[in-house]
Amino acid sequence: METVEAGHDDVIGWFEHVSENACKVQSETLRRILELNSGVEYLRKWLGTVDVEKMDDYTLETLFTSLVPIVSHADLDPYIQRIADGETSPLLTQEPITVLSLSSGTTEGRQKYVPFTRHSAQTTLQIFRLSAAYRSRFYPIREGGRILEFIYAGKEFKTLGGLTVGTATTHYYASEEFKTKQETTKSFTCSPQEVISGGDFGQCTYCHLLLGLHYSSQVEFVASAFSYTIVQAFSFFEEIWREICADIKEGNLSSRITLPKMRKAVLTLIRPNPSLASHIEEVCTELESNLGWLGLIPKLWPNAKFISSIMTGSMLPYLNKLRHYAGGLPLVSADYGSTESWIGVNVDPNLPPEDVSFAVIPTFSYFEFIPLYRRQNQSDICSDGDFVEEKPVPLSQVKLGQEYELVLTTFTGKEKPPLHFP
């Protein structure tokens, strides 16, 4: 099969253009945000009835940064709660709120709601296309190849006002953008939607592994949202590989899979394959007895070219175990973002995760950066209270080597999420 190249040059060319003109693009992005949302209740509170369309970019940017305060999620929470309760008047955005995403952090002991619009879904598709384009420069994949992807869509629920609430990944894996991403990048996950959205981590993981081995010769790379998920999956595989071998040999499915829709979907795909089962048994016996599972991934998925996941920040402690399973396969650190917005793309996926840096995508949000300085006589291990903050600067004034706290003005609000940007 041919490698996938179509469209990659176009998306990289677009990104290089907006990056070279980041100052102008950021001003345009802020203008789009304000023109779209100038009439919403939250902005009227700070900007009044100012006609943003009649202002030049510099005046608008100056007015916005001087009048609209930097806030935390707690300041926006009353507005979001009104949206969750069913209020339909434009509070934070003129664009319809399609779903509410659950963040990983908490506010007053509960997970935070983050509004999602159509724009949120479109930026997710765009960053995945961009990321795939940069990866293809180092690790070209075959058209129609498969991804052994450990992905999970959690349970969703409804708010009082009828909005669907779930994690960002749950919304994404159920969206049309997820299907479009596979078609655009010409890489298809091994597991059907019934497995991804099964809701039981153990059963989903078993089926991901089973189908990954069923399609083992077609797998181009291994991926998950977070590196610890891949480590968990293969630690589980060490325990249940004999069961999987039996299923592949007989074209059956373990009794541990009790969810009817998942069973039916998987059984539709697999067929008895005694020769593949014998090969897996031979490899796993050697891995278990003599190698301590070193190089598990390339030995069982010989055409896999890399492993992709979030590997920076809190995921760094999992790298040693992941490298053990990878056995020399490159580890590609995935892109940088928060629940509120995608932020940057890894433009050099050939670098090891410890050395990776991210290029900010200036069309996704309006970014400001608060310079952080450690207080004198402090150790290298600092808490948030050990930093002195200065006045925020725009993206165009960010300096290499300086540590910053990031402020996002998205199409649904302006806030300071709990993350630092070195």
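This passage walks through the nonpolar cores, a buried glutamate, the salt bridges and a small set of paired strands in a predicted model.

The packing of the interior comes first. In soluble globular proteins, nonpolar side chains tend to be buried together. Here, the largest nonpolar core takes in 51 residues. The residues with the most contacts inside this core are Phe-234, Phe-237, Leu-296, Trp-301 and Ile-307. Quite a list of elements feeds into it: strands S3 (145-150) and S7 (219-226), along with helices H10 (201-214), H11 (227-250), H12 (260-269), H13 (274-291), H14 (296-300) and H15 (319-326), each contribute at least two residues. Helix H11 gives the largest share, with eleven residues. Ile-307 shows what one of these well-connected positions looks like. Setting aside residues up to four places away in sequence, Ile-307 touches Val-222, Ile-230, Ile-297, Leu-322, Ala-326, Leu-329, Pro-330, Leu-331 and Val-332. Another core, of 15 residues, lies apart from the largest one and includes Tyr-42, Val-71, Ile-83 and Leu-102.

Strand S7 also carries a charged residue worth a look, Glu-220. With a relative accessibility of just 1%, Glu-220 falls under the 20% cut-off and so counts as buried. Its side chain has polar company, though. One polar contact, at 2.4 Å, runs from the side chain of Glu-220 to that of Arg-142, and another, at 2.6 Å, runs to the side chain of Lys-305. Once neighbours within four places in sequence are left aside, the residues in contact with Glu-220 are Pro-140, Ile-141, Arg-142, Gly-145, Arg-146, Asn-303, Ala-304, Lys-305 and Phe-306.

Next come the charged pairs. Side chains of opposite charge can pair when their charged atoms come close. The structure has eleven salt bridges. One of them is local: Lys-24 and Glu-28 meet through their side chains at 2.4 Å, N to O. Both sit in helix H2 (residues 22-37), four residues apart, or about one turn of the helix. Glu-28 is partly exposed, at 30% relative accessibility.

Other pairs reach further along the chain. Arg-82 forms a salt bridge with Glu-41, and the closest N and O atoms are 3.0 Å apart. Because Arg-82 belongs to helix H5 (residues 73-84) and Glu-41 to helix H3 (residues 41-47), this pair ties together parts that are 41 residues apart in sequence. Arg-82 is partly exposed, with a relative accessible area of 29%, and Glu-41 is partly exposed too, at 27%. Glu-288 and Arg-242 make another salt bridge, again with 3.0 Å between the closest N and O atoms. That one links distant parts of the chain, since Glu-288 is in helix H13 and Arg-242 in helix H11, 46 residues apart. Glu-288 counts as partly exposed, with a relative accessible area of 33%. Salt bridges also join up into a network, in which Arg-31, Glu-35 and Asp-57 are linked.

Last, the strands. Three of them form an open sheet in the order S10-S11-S12, with antiparallel pairing. Strands S10 (336-337) and S12 (359-360) stand at the edges with a single partner strand each, so one side of each has no neighbour in the sheet. S10 is joined by two bridges to the antiparallel strand S11 (residues 342-345). Across this pairing, Gly-337 stands opposite Trp-342 in S11.

Conventions:
Residues numbered from 1 in each chain as written. Predicted model: local features only at pLDDT ≥ 70, side-chain atom pairs only at ≥ 80, totals over all residues. Heavy atoms only, no water. Core = buried A, V, L, I, M, F, W, Y, C linked by side-chain atoms within 4.5 Å. Buried < 20%, exposed > 50% of the residue type's maximum accessible area, 1.4 Å probe, protein only. Contact = heavy atoms within 4.5 Å. Polar contact = N/O pair within 3.5 Å; in protein donor to acceptor, adjacent residues only side chain to side chain. Salt bridge = Lys/Arg side-chain N within 4 Å of Asp/Glu carboxyl O. Pairing = 2+ DSSP bridges.
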